[in-house]
Amino acid sequence: MEFGERLKEIRTGLHYSQKELSEKTGLTLRTIQRIENNEVKPSLHSLKVIGEVLNTDFSEFQKASDTKPYEFNFTIKITDMNQFISDLKTLIKNNWKIIVTIILVIFLISNYTEIKSGFIDGWNRK
């Protein structure tokens, strides 16, 4: 049994129309139709919201015809990564003083006892 067929079986078993499922999940009606017709594989977001509405865990879904688990394609566009790196560089460039201050404060707080004992030892030796 294909994923779309299984989804349709669960949806109809709960007496939801495609339109009702669409409204409850926030996905378009066409997206629901395409998933049920096995025209597309649903995204992780789509699976999550459909699973929440239907109270079903699709993470363990397996095809009845074989034992392969449902597969997801995870792709990252190079342009998206380039934009992320560019945004990160801009963030650091514009806020480097704050970032350095936060790192310094965290360092001082995490090493307070060692720093304190070092000052006391140094003071007592004079």
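This report describes the helices, the nonpolar core, a surface patch and some backbone features of a predicted model.

**Nonpolar core**

The largest nonpolar core holds 12 residues: F3, L7, I10, L21, L27, I32, I35, L47, V49, I50, L54 and F58. At least two of these residues come from each of α1, α3 and α4. Helix α4 gives the largest share, with 4 residues. One member of the core, I50, is in contact with L7, T25, L27, I32, I35 and F58 when its neighbours within four places in sequence are left aside.

**Helix α2**

Helix α2 spans residues 18-25. Its buried residues are L21, S22 and T25. Viewed down the helix axis, these buried residues lie within an arc of 100 degrees, so they line one face of α2. They pack against α1, α3 and α4. One of them, L21, also belongs to the largest nonpolar core, and T25 is among the contacts of I50. On the other side of the helix, K19, E23 and K24 are exposed. G26 follows α2 and has a positive phi, near 85 degrees.

**Positive phi outside glycine**

Two residues other than glycine, H15 and N38, also appear with positive phi values. The table gives their places and accessibilities.

| Residue | Phi | Loop between | Relative accessible area |
|---|---|---|---|
| H15 | near 60 degrees | α1 (3-13) and α2 (18-25) | 71% |
| N38 | about 60 degrees | α3 (29-36) and α4 (44-54) | 32% |

H15 is exposed because its relative accessible area of 71% is over the 50% cut-off. N38 counts as partly exposed, because its 32% falls between the cut-offs of 20% and 50%.

**Surface patch and helix α5**

A nonpolar patch on the surface is formed by M81, F84, I85, L88, L91, I92, W96, I99, V100 and I103. Together these residues have about 910 Å² of accessible area. How accessible is I99, a member of this patch? I99 has a relative accessible area of 31% and is partly exposed. Residues enter such a patch only with over 30% relative accessible area, so I99 satisfies that condition at 31%. I99 is located in helix α5, which covers residues 78-110.

Terms used
Residues numbered from 1 in each chain as written. Predicted model: local features only at pLDDT ≥ 70, side-chain atom pairs only at ≥ 80, totals over all residues. Heavy atoms only, no water. Helix = DSSP H or I, 4+ residues; strand = E, 2+ residues; numbered from the N terminus. Buried < 20%, exposed > 50% of the residue type's maximum accessible area, 1.4 Å probe, protein only. Arc of directions from axis to C-beta. Contact = heavy atoms within 4.5 Å. Patch = residues over 30% accessible without salt bridge, like charges linked within 9 Å, V, L, I, M, F, W, Y side chains within 5 Å. Areas by Shrake-Rupley, 256 points an atom, 1.4 Å probe, with all protein chains shown as cover. Salt bridge = Lys/Arg side-chain N within 4 Å of Asp/Glu carboxyl O. Core = buried A, V, L, I, M, F, W, Y, C linked by side-chain atoms within 4.5 Å.
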